[in-house]
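Open the model in your viewer and keep the selection panel at hand. The stops below go from the whole chain to single pairs of residues.

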Amino acid sequence: MAIEYREWRDGDDLALLEIWGGPETAQARQFRGALAVSSNGGNGTPWRRCIVAEDVVDGVGIPVAAGVVYEASLHPERLWAYIEVARDHRRNGIGATLLAMLRREAGHAPSGVTKLRAKVEPGTPGAAFAEAAGLAPIQRSRLVIVEPGALRLPVFPDKDHGGRPIDGENAGSDIVMDLATGSVELTDVVGRYYTSIHGWDSPGVLSVGQVQKLFLDELTGAHGAIVLRAQPESAFGQGVAPSRKGRIRAFAVSYAAPAGPDDAPQTEVGTGPDTPTDVFVGHEPSLAADDAAEAVRDMLALIAYQHPVMLELDDSMAALRAAVEPLLAGGKARLAGAETLVVSD
């Protein structure tokens, strides 16, 4: 077996698909799309280096593996990396050679960033390769489906409803409100929440436009939002009728299609009336831990009252974990696919 390495060329994707077959994991499905012609960046195109390994037989090179490293505008402190080797060519040092070449190329990234990150599924050859290469987990992510009625509906001390539970049919009080996805107030809290749960891999400074594009734009599939507010306040002191809305404590954005940033994990859960609604649930990041956990739990109870919902659960989402992990343990929620580990050097 004679292996030679070269830059990616147009048409390599089709040649490799014939050798690789279908993707083995969700990560492979996602990152195969990143394999493309190398770029020096600019004009909205990220800096990228992509290398192909060919098995040369009788002077003819057959692509059997490829690797890519590229800059990301979101989470710019690391470079994304992905390597895939045909099953019958593994354990021959091809992946290790590609990784060494990608590391060398990373040293020339315009940003000066050299740390790599990748996504793997536990227990797979990719995870074993990453571990052997010195890449360690920095985050775990799970897709979770919460079953209808998994949580008891909250009771709010709201005069509009006499302290009764508020569900989807009588929402609209001063505490539970529908909000347009274009709302500046919603955009602000969503952006700050996303930043707060990514201290392990900073997204950088997010503008209002970026938050809209990533989470709330029509192209993301966002088609509705509900917020849970604190008690209405009065600008004239206690004992006076409320004159302004309470601040947002928790939010839930629903999507008609898989949501979130381009690098978010995806799954196929089918279609039909019992198909879970994809939601992004979060909270005002300045809330105390107990208050945040309560707000998120109340929000989850409301949106999963009659229909199942699917959400992404990262280990860094402390308040959401406090609500969801007991449901997983009690069989009232289930995983939708395998876990994803983000690994880095």
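A residue counts as buried under 20% relative accessible area, as exposed over 50%, and as partly exposed in between, with a 1.4 Å probe and protein chains only. This is a predicted model, in which local features need pLDDT of at least 70 and side-chain atom pairs count only at pLDDT 80 or more, while totals for chains, interfaces and linings use all residues. Residues are numbered from 1 along each chain as its sequence is written, and side-chain values use heavy atoms, with hydrogens and water left out.

**Whole chain**

Select the protein chain and colour by secondary structure: there are eight helices and 14 strands. Helices (H or I, at least four residues) and strands (E, at least two) are DSSP runs, numbered from the N terminus. Of the 345 residues, 48% count as buried. A contact means heavy atoms within 4.5 Å; among contacts in the chain with a separation of 6 or more, 71% come from residues 24 or more positions apart.

**G11**

Select G11, in the loop between strand 1 (2-7) and helix 1 (12-20). G11 has 40% relative accessibility and so counts as partly exposed. Add A36, 25 residues away along the chain: the two C-alpha atoms are separated by 9.6 Å.

**Helices 5 and 6**

Next select residues 184-196, helix 5, and residues 208-216, helix 6; they pack at an angle of about 85 degrees with their axes 9 Å apart. Helix 5 is therefore roughly perpendicular to helix 6, a label given to angles of 65 to 115 degrees, where under 35 is roughly parallel, over 145 roughly antiparallel and the rest oblique. The axes are lines fitted to C-alpha atoms over the stretch in contact, and angles run from 0 to 180 degrees between N-to-C directions.

Which residues in helix 5 meet helix 6? Show L186, T187, V190, G191 and Y194 on the helix 5 side, with V208, V211, Q212, F215 and L216 across from them in helix 6. By class, this contact has seven nonpolar, three polar and no charged residues.

Stay on helix 5 and show D188 and R192, which form a salt bridge with the closest N and O atoms 3.1 Å apart. A salt bridge is a side-chain nitrogen of Lys or Arg within 4 Å of a carboxyl oxygen of Asp or Glu. The two residues are four apart in helix 5, so about one helical turn separates them. D188 is partly exposed at 40% relative accessibility, and R192 is partly exposed at 33%.

**R78 and D201**

Now select R78 and D201, whose side chains meet in a salt bridge (3.0 Å, N to O). R78 lies in the loop between strand 4 (60-70) and strand 5 (79-85) and D201 in the loop between helix 5 and helix 6, so the pair ties together parts 123 residues apart in sequence. Both R78 and D201 are buried.

**Helix 7**

Move to residues 289-303, helix 7, with 15 residues. Its buried residues include A292, V296, D298, M299 and I303.

Where does D291 of helix 7 find its partner? Show R249, which forms a salt bridge with D291, the closest N and O atoms being 2.5 Å apart. R249 lies in strand 10 (residues 248-255), so this pair links parts 42 residues apart in sequence. R249 is buried, with a relative accessible area of 12%, whereas D291 is partly exposed at 26% relative accessibility.

**Last selection**

Finish with R140, R142, D315, R321, E325 and E339, joined into one network by salt bridges that share partners. The count of salt bridges comes to 21.

Methods: Nonpolar A, V, L, I, M, F, W, Y, C, P; charged D, E, K, R; others polar. Expected span 1.5 Å × (residues − 1).
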